[in-house]
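Please study the sequence and the three-dimensional structure shown here. The explanation after them moves from the overall fold to particular side chains.

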Amino acid sequence: MITVKAEGLEAVMAKFNSYAKTAQDDIQASLNDWADRTSRDAKMLVSTNSSNEGMLLNSIHPDYGVGSASVVASAKYAAYIEFGTRKYAASYVGSLPGDWASYANTFKGRTGGSFKDMLLNIMQWCRSKGIDKKAAYPIARSILINGIRPRPFLYPSVNKNLPLLMQDIKAIFK
């Protein structure tokens, strides 16, 4: 029988675990930075593309997990702004990569609320723009019939910041 005893193995394993914990912490920090940057960029795109999207703007925020991070847009209508509706959505969603197109399709046929809610929101928008509130019904009807053009804010922000996340994670292991 041959017995080999590795002296100091516990110290090596403790050191390895310490490196693993440091790497985990660094990766989480990189994920959190990505979520912060992506959230900030998404808000900037919403602000740039619309003069009246305060509710959407305020609903965008990073969400930090353990080993994960995401960006959330919790306004009921966020997906309809991102992907558009009706013919506009069909055209835009068809140009997206598979995973984004699949996600966009989960909203197909669903609504962000009732017609009455939509009408009240458009009336409020009319009031804020100095437009006669009688215009709200034809606007709402036009949106239902024709749809709205997409004004992407998350997809471009994720695409912009994903290469930076990859760079940050690669740098951890150099």
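The following paragraphs describe the fold, then the aromatic pairs, and then a patch on the surface.

The model is predicted. Its chain contains eight helices and two strands, arranged along the sequence in the pattern α-α-β-β-α-α-α-α-α-α. Of the 174 residues, 29% count as buried. Among contacts between residues at least 6 apart in sequence, 66% join residues at least 24 apart. The chain exposes about 11600 Å², and carbon and sulfur atoms supply 59% of that area.

The structure holds six aromatic pairs. One of them is formed by Tyr 80 and Phe 107, which meet edge-to-face, with 6.2 Å from centre to centre and 80 degrees between the planes. Tyr 80 belongs to helix α3, whereas Phe 107 lies in the loop between α5 and α6, 27 residues apart. Tyr 80 has a relative accessibility of 12% and therefore counts as buried; Phe 107, at 18%, is buried as well. Another pair consists of Trp 100 and Tyr 155: the ring centres are 4.9 Å apart and the planes stand at 75 degrees, so this pair is edge-to-face. Because Trp 100 lies in helix α5 and Tyr 155 in helix α8, the pair ties together parts that are 55 residues apart in sequence. In addition, Tyr 80, Phe 83, Tyr 103 and Phe 107 form one aromatic cluster.

On the surface, Phe 115, Tyr 137, Leu 144 and Ile 145 make a nonpolar patch of about 370 Å². Helix α7 provides the largest share of this patch, three residues. Phe 115 lies in helix α6 and is partly exposed, with a relative accessible area of 31%.

Conventions: Residues are numbered from 1 along each chain as its sequence is written. This is a predicted model: local features need pLDDT of at least 70, side-chain atom pairs count only at pLDDT 80 or more; totals for chains, interfaces and linings use all residues. Side-chain values use heavy atoms; hydrogens and water are left out. Patches are made of residues with over 30% relative accessible area and no salt bridge: like charges are joined within 9 Å, nonpolar side chains (Val, Leu, Ile, Met, Phe, Trp, Tyr) within 5 Å. Accessible areas come from the Shrake-Rupley method with a 1.4 Å probe; for residues, only the protein chains shown count as cover. A salt bridge is a side-chain nitrogen of Lys or Arg within 4 Å of a carboxyl oxygen of Asp or Glu. Helices (H or I, at least four residues) and strands (E, at least two) are DSSP runs, numbered from the N terminus. Buried means under 20% relative accessible area, exposed over 50%, partly exposed in between (1.4 Å probe, protein chains only). Contact means heavy atoms within 4.5 Å. Rings of Phe, Tyr and Trp (its six-membered ring) pair if their centres lie within 6.5 Å; planes under 30 degrees apart count as stacked, over 60 as edge-to-face and the rest as tilted.
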